[in-house]
Amino acid sequence: MTGLIIAAVVALIILCCLRVVPQATEYVIERLGKYAGTWGAGLHILIPVIDRVSKRVTLKEQVLDSPPQPVITKDNVTMQIDTVVYFKVFDSKLFTYGAVNPISALSNLTATTLRNIVGELELDDTLTSRDTINGKMTDILDSATDQWGIKVNRVELKNIIPPSEIQNAMEKQMKAERDRRETLLEAEGHKAAVITRAEGDKQAMVLAAEGERDARIARAEGEAKAILLAKKAEADGLAALKAAGVDLAVLELKKYEALVQMSNGKASKIIVPTDAVDMTKANVMFSETSGLGDVTEPAKETLKQKKSDPCCE
């Protein structure tokens with residue numbers, strides 16, 4: 001019975017001495033008040049009374065969200081800025097023995113570094129240089145916290161809140177800038193529209209001129225073809241008359257018909273060549289002598305009726 005009790009006590013003591021370290025966590029062990037080692041994830045045995053867990057350190061990335069704090073710029077403008085620091089512990093021993101409160105030390109260091117960097121910038125540069133400020137703060141904090149076993153991965157400016165007067169002035173300036181851009185865009189749009197309209201009118205005039213030119217060319221070509229065909233028909237007619245052996249009398253008659261067609265119009269004056277006059281005279285003499293062309297019926301003689309004389313009857 002006594003043996004069972006002793007075995008139970010020994011088992012209880014062993015169970016109390018067992019320590020299980022979770023993943024991404026390290027235990028800093030001190031033996032008789034002196035640093036003895038760092039336990040990683042897994043099962044470990046802690047010697048009672050002699051060993052103790054000095055600090056439990058997480059190796060996960062942590063976030064330090066600093067509250068807004070007043071910062072004065074180079075041009076003496078006070079604004080409220082809050083930051084967010086992303087860091088992780090890479091050495092549990094340095095993190096345990098490097099500073100009394102490493103997180104508080106990191107927060108204060110972040111505030112002082114931010115004041116130093118923003119104090120060298122003016123208001124406009126501060127508002128437009130977030131990336132520059134973030135990069136400088138990351139480099140400075142990462143270099144300063146190495147002795148605390150902390151690795152600063154990234155620093156971000158969360159909010160930049162200028163005074164209300166500055167905000168009103170910035171809003172007015174932004175509104176004026178937007179109005180200027182709107183006016184400029186309207187002017188550019190009107191300019192582009194006028195240029196486009198002018199180019200369209202120019203192209204229309206060019207196309208109209210080209211169309212008129214093509215029409216004139218087409219009309220000229222048509223007239224030339226018509227004249228050519230007329231001359232060709234006339235030449236063919238003359239060749240046909242020549243081949244038929246037409247005498248001078250028929251030619252004179254054709255001239256007379258042409259003269260009649262010339263006089264059958266609205267012209268008030270006709271200039272007759274000499275040969276046409278001679279032709280007309282010859283045709284008139286021919287008509288008078290031969291009786292051809294005389295379509296006028298001779299006047300009929302009317303018999304006068306003798307009036308009866310009542311005296312003689």
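This note goes through the predicted model point by point, from the whole chain down to single residues.

1. Overall make-up. The model is a prediction, and the protein in it has eight helices and nine strands. Of its 313 residues, 20% count as buried. The protein exposes about 23300 Å², and carbon and sulfur atoms supply 59% of that area.

2. Contacts along the chain. If one takes the contacts between residues at least 6 apart in sequence, 62% of them join residues at least 24 apart. A student reading the sequence beside the structure may keep this figure in mind, since the next points include pairs and groups drawn from several elements.

3. A salt bridge between two strands. Side chains of opposite charge can pair when their charged atoms come close. The structure holds eleven salt bridges, and one of them joins the side chains of R31 and D51, with a distance of 2.6 Å from N to O. Because R31 lies in strand β2 and D51 in strand β5 (residues 51–58), the pair ties together parts that are 20 residues apart in sequence. The two partners can also be described by their accessibility: R31 is partly exposed, with a relative accessible area of 43%, whereas D51, at 7% relative accessibility, counts as buried.

4. A salt-bridge network in helix α6. Which residues does E177 join in one network of salt bridges? The side chain of E177 meets that of R180 in a salt bridge of 2.4 Å, N to O, and it meets that of R181 in another, of 3.3 Å, N to O. Through these shared partners, E177, R180 and R181 are joined into one network. The spacing along the helix is worth following: R180 and E177 are three residues apart in helix α6 (residues 164–244), so about one helical turn separates them, while E177 and R181, both in helix α6, are four residues apart, which is again about one turn of the helix. As for accessibility, R180 counts as partly exposed at 45%, and E177 counts as partly exposed at 28%.

5. A negative patch on the surface. D75, E122, D124 and D125 form a negative surface patch. Of these residues, D75 is found in the loop between β7 (69–72) and β8 (78–89). With a relative accessible area of 35%, D75 is partly exposed, and this value is over the 30% that a residue needs in order to be counted in a patch.

6. A nonpolar patch on the surface. L32, I47, V49 and I50 form a nonpolar patch, and together they have about 430 Å² of accessible area. One member, I50, lies in the loop between β4 (42–45) and β5. At 35% relative accessibility, I50 counts as partly exposed.

7. Two residues with positive phi. Where do the residues with this backbone angle lie, and how exposed are they? A24 has a phi near 60°, a positive value in a residue other than glycine, and A24 is placed in the loop between β1 (18–21) and β2 (25–31). At 25% relative accessibility, A24 counts as partly exposed. N76 likewise has a positive phi, of about 60°, although it is not a glycine. The loop that holds N76 is the one between β7 and β8, where D75 is also found. N76 is exposed, with a relative accessible area of 67%.

8. A buried serine in a loop. Is S66, a loop residue, buried or exposed? S66 lies in the loop between β6 (62–65) and β7, and at 6% relative accessibility it counts as buried, because buried means under 20% relative accessible area. When its neighbours within four places in sequence are left aside, S66 is in contact with D82, T83 and S107. One of these partners, D82, has a number that falls within strand β8 (78–89).

Methods: Residues numbered from 1 in each chain as written. Predicted model: local features only at pLDDT ≥ 70, side-chain atom pairs only at ≥ 80, totals over all residues. Heavy atoms only, no water. Patch = residues over 30% accessible without salt bridge, like charges linked within 9 Å, V, L, I, M, F, W, Y side chains within 5 Å. Areas by Shrake-Rupley, 256 points an atom, 1.4 Å probe, with all protein chains shown as cover. Salt bridge = Lys/Arg side-chain N within 4 Å of Asp/Glu carboxyl O. Lys, Arg positive; Asp, Glu negative; His and termini not counted. Charge placed at Lys NZ, Arg CZ, Asp CG, Glu CD. Buried < 20%, exposed > 50% of the residue type's maximum accessible area, 1.4 Å probe, protein only. Contact = heavy atoms within 4.5 Å.
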